[in-house]
Structures are given as C-alpha cells and as structure tokens.
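Subject: Structure handover

Hi,

Here is the structure I promised to pass on to you. Please have it open while you read, and the notes underneath should be easy to follow.

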Amino acid sequence: MYDVAIIGSGLGGLSCGVTLSREGLKVLVLEQAHVAGGCLQSFRRDGHIIDTGIHYIGSLGEGQIASQHFKYLGILDRMNLVRMDEDGFDVMRFGDGREYRHAMGYANFIDTLASEFPSERRGIEEFCRTLQAVGGSIHPEVLRGGRLTSGAADYMSMPIWEEVCRCTGDERLRNVLTGSNLLYAGKRESAPAYTHAMIAHSNIEGAHRIAGGSQVIADALVEQIRANGGEVRFNTKVTGIHTTNGLVDYITAGGERIECRRLISDIHPKTTFAMVEGESLLRKAFYTRVNSLEDSYGIHTTFLLLKPGTVEYINRNYYIFEGGDSWEAPVLVSMQPVAGSACADVVSIMTPMPKESLQQWNDTRTGRRGRDYEEFKQSTDERLTSLVLGHFPQFRGKVEKVFSASPLTYRDWTGTPDGSAYGIVKDCRNPLANHLPVRSRIENLLLTGQNLNMHGVIGVLMSAAVTCGEIVGTEYIAKKIGNA
C-alpha cells in the first residue's frame, strides 16, 4: 500500500513526488514512457541534444521564485544555468526589418523600449506596474509568510490586450509588449492579463537557459525521489482508476493492481477522469464539462541541427512577426548552447499549428503516418527554414540536418490530447469555467500540472505546491519552500 501514487512524471508529478517523499510518505511515480520529464524531456538525434518543450525559464536569479522552488527541491545546483542577454533576452522582429528588445530588469526593460518609443515611456511604466503586481503575488516573501500567493486573482478576468491598450495607443508597441504570447498559446480576445503578466514578469526578472538540455531537471528530481525512499517506474501505463464508496482504492498499471491511500494525477484531466471506474461521485454532467474544456493549440517545431563549431551561440530568443501582428502566426527562434562552448548546437523554430491541420493523421502513431504526413511536415519545415534563413543568413551552409516534431509527435511523447502545447486554455471571459481545482470530486484524487492554474515552469511548480499543501498543509509547505 502506497501513501501516494502519482500518474505522470512531468515537472508537476516529479515535484509532488520529491515534496511528499521528503515528508516521509511512501510515494510511487508511474510513467508510461521510458524516460521521465514530459515537456522537460530532451533527446539525442545524430549527436545533438534537443529539448522537447522547455527552451528558457524565468525567475531563476538568486532569491527569485523559480530559483527558490528548485532550491527547495534540492536540484538548483544540478542545473547548468546560462543567464540570457540582459540587454535583450527576447527580441521582437517584424517583417519590415525593425526589431525591439525585451531587456532584463525593469529599469533596463523600460529604458530600452522607451529609446524606441520615447513618447510612450509613461505607458510602458504603467504596463510594467501591472506585470509587477501579478508577479509579486508569488514572491518568496509571500511563501515565508505562509501563503502560496497573495492574490492578483482580479487579473484572471482582465484581458491582456485590453490592459496593453489602456497603457498605450501605439499599435506597434502593443504588439511588442505582448509579443511573447506564444509561450502560453495566447489569443488576443481571451488571454488573461494574469497569464501574460506572470510569464513576462518572470523573464524580465531572470531568464535562463539550461545548457545540456532540460532533461537534467527531470533526472535530478527522479534521483531525489529515490534518495528519499520513493519509487519511480517507467514503461508503466496507468489504465484504470478504481473507486469504491467515492474513494480511489487502487489503480491498474502495467497489468498490476496498485493500492494507494491518495492518488495525484499529473496528466490531462480528460485522460484522468476517463480512466475512473467503479462507484464514484462523478456524474455525467461533470464528464461533459471536463470534456468540453478547450485545449490550447499545438506547436510545430523545426530543429536545425548545426554543423559542430560553425555557428556562434546567440544568447537571446527571436520572435518573428512577418505580418506585423504578434498574435497571428508568430514564429519563435531559440538556440541551444553547447555546454562550455561559444557555439550553438541546435536552432529550434516554433510556430502554432491548429489540430485541424493534422486531423487526417489523428489515429496514427509516430513513424507510421505515411508519405502524405512526411510531405506535410517537410513542406512546413521548408517554409520555416526559409523564413529563418532570410533573417539569419549566417546559418546558411551550416545546417547539418533538419528534424521536426508536429503536435502529434508531442502527443505521442507526452500523452497530451491532440498535442496541445499548454493544456486547457485560460480564458479571461469566463475564468472559473476553465480553472479546475486541485481537489476533484473524488476525495482522495488530486490534480496537478499546467492544466490547473497557469502554464509554464513556474505555474507547474506553484500547482505542485498547492497539490502537496492539500496533503501536508498549505502554510507548512509554503514556509518550507520560502525558507529553503
């Protein structure tokens, strides 16, 4: 009998596993893949390390919120951090050739943009106050006071586009300030100010890459769980959640019956609740509601595998908006550094891809989708590569090989329905409808991960803390993290 069984070894499941095993609970993490990590996964292709979904992480400076969480989890010193360019970690580049930098640190951020938009300084300052109000609600000082957040809930029902329009009437500046919306699959009409502000604030505070790939985070968390006496099993897919009298009494995984006092699911709620069987408190209306929740779009990524030692690493990301609108078909260009070298290893080119584009291959698996699919991917890769080479001619002749992953590839890697990049959409027009609570209607079944409160690494770390707080106490866990 396990005190806690956890389905899925993404960042949320692994963080819960470390936290609860540290508290002396008997923990079992079950992962259907052969390796841990979910979107943290890295893999090798022809000698190159390729990240699945994490290309940079914010608030990793000393005393900042992500740094504090990883310090508590005991792995901060295992992360080979590369601090991104302070004078422009993100660059917004438009089709007319103009580019605008997001600089690190608020004074630097404001001064850098005000140099391009001198008449808009007050509006930029006002917008930054919104970012700081939201980001400050999860400051480590809040944790040390025994709370996981100090509020900012009103910003969940506020559209970020409405807020940026309040701050400035300059259309180009509006697009520059909201240009990183690809990081949460934002839609202009529905993206909450809370979601955008939390992510933008964290990057302005301290954006970092992980040299050598984000897999090191997952592997380090697995080691922590095992060092605490917990178990992590791979190639073990959960196929059933059995309930009696409204409680989970066991799960079925790998043909085995596994009994547990509590169950935490780090996988998509739709997938989780579809596995529930036996007597439970879940009714048809609940299933209907969960299944009706909209998932974010998927992302197609083209990876340019570079010839060793031929391309200098660029310590910033580029967002390319050919049409001038940051919300329409944005393209993110991100480079993976070689640890201990001034050269780049891989260039990742990411762009939204709606599930409708891939509908005819929904019932297929990776490697078995046929020629039409490969031609579709190749066409997409050629278009994106041509676009990027137009902006970065120094890459020409330096690409060793092109490899790509569509949303269906991500679906097969991570188990996320339709390959959604960020799970359930957060919609400011009805925030309560698309924010699922940690507690389900089955008393001993808890949820965690990016589908609950907020996307991204910080959102998942916070979600895991909330989930664990339901078991060991919220004030207790907040202070433990805050004082780590």
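Below is what turned up, topic by topic. One thing to keep in mind from the start is that this is a predicted model.

**Helices α1 and α2**

Let me begin with a helix pair. Two packed helices are described by the angle between their axes and the distance between the axes. Here the pair is α1, covering residues 11-22, and α2, covering residues 65-73; their axes come within 10 Å and cross at roughly 50°. That crossing makes α1 oblique to α2. On the α1 side the contact is made by Leu11, Ser15, Val18, Thr19 and Arg22, and on the α2 side by Phe70, Tyr72 and Leu73.

How many of the nine residues of α2 are buried? The count is eight, so the helix is mostly covered, given that buried stands for under 20% relative accessible area. The buried ones are Ile65, Ala66, Ser67, Gln68, His69, Phe70, Tyr72 and Leu73. The cover over them includes α1, α5 (140-144), α9 (215-227), α14 (456-472) and α15 (474-482). Just after α2 comes Gly74, with a positive phi of about 85°.

**Aromatic rings**

A pair of aromatic rings is described by the distance of the centres and the angle of the planes. The count for this model comes to 13 aromatic pairs. One of them joins Phe43 and Trp413, with 4.9 Å from centre to centre and 55° between the planes, which is a tilted arrangement. This pair links distant parts of the chain: Phe43 belongs to strand β3 (residues 42-45) and Trp413 to helix α13 (residues 407-414), 370 residues apart. Trp413 counts as partly exposed, at 22% relative accessibility.

Another pair is Phe94 with Tyr100: the ring centres are 5.8 Å apart and the planes stand at 80°, so this one is edge-to-face. Phe94 is buried at 0% relative accessibility, and Tyr100 is buried as well, at 4%.

Phe43 and Trp413 also turn up together in one aromatic cluster, along with Phe303, Phe403 and Tyr410.

Two arginines sit over rings too. The charged end of Arg188 is over the ring of Trp161, 4.9 Å from the ring's centre. Arg369 lies over the face of Tyr373, with 5.3 Å to the ring centre.

**Two buried residues and their surroundings**

Ser348 is part of strand β17 (residues 344-353), and with a relative accessible area of 5% it is buried. Which residues does Ser348 contact, leaving aside its neighbours within four places in sequence? They are His55, Thr301, Thr302, Phe303, Leu332, Val333 and Ser334. Phe303 is thus a contact of Ser348 and also a member of the aromatic cluster.

Tyr313 is in the loop between β14 (298-306) and β15 (317-321). Tyr313 still counts as buried, at 14% relative accessibility. Setting aside neighbours within four places in sequence, Tyr313 is in contact with Val82, Arg209, Met335, Gln336, Pro337, Ala342, Cys343 and Ala344. The C-alpha atoms of Tyr313 and Asp345 are separated by 8.0 Å, while the two residues are 32 apart along the chain.

**Cysteines**

How many disulfides does a search of the whole structure find? Zero. Take Cys39 as an example: the closest cysteine sulfur is in Cys16, 16 Å away, which is too far for a bond because a disulfide needs the two sulfur atoms within 2.5 Å. Cys39 is partly exposed, at 32% relative accessibility. Cys343, one of the contacts of Tyr313, is buried at 19%.

**Backbone angles to look at**

Most residues other than glycine have a negative phi, and most peptide bonds are trans. Against that background, two residues may interest you.

- Asn245 has a positive phi of about 55° although it is not a glycine. Asn245 is in the loop between β10 (238-244) and β11 (247-253), and is exposed, with a relative accessible area of 65%.
- Ala329 has a positive phi near 50°, and is likewise a residue other than glycine. Ala329 is found in the loop between β15 and β16 (331-337), and at 57% relative accessibility counts as exposed.

Happy browsing, and do write back with any questions.

Best wishes

Note on methods. Residues numbered from 1 in each chain as written. Predicted model: local features only at pLDDT ≥ 70, side-chain atom pairs only at ≥ 80, totals over all residues. Heavy atoms only, no water. Buried < 20%, exposed > 50% of the residue type's maximum accessible area, 1.4 Å probe, protein only. Phe/Tyr/Trp six-rings, centres within 6.5 Å; stacked < 30°, edge-to-face > 60°. Helix = DSSP H or I, 4+ residues; strand = E, 2+ residues; numbered from the N terminus. Lys NZ or Arg CZ within 6 Å of the ring centre and 35° of its normal. Axes fitted to C-alpha atoms, helices over the stretch in contact; angles between N-to-C directions. Parallel < 35°, antiparallel > 145°, perpendicular 65-115°, else oblique. Contact = heavy atoms within 4.5 Å.
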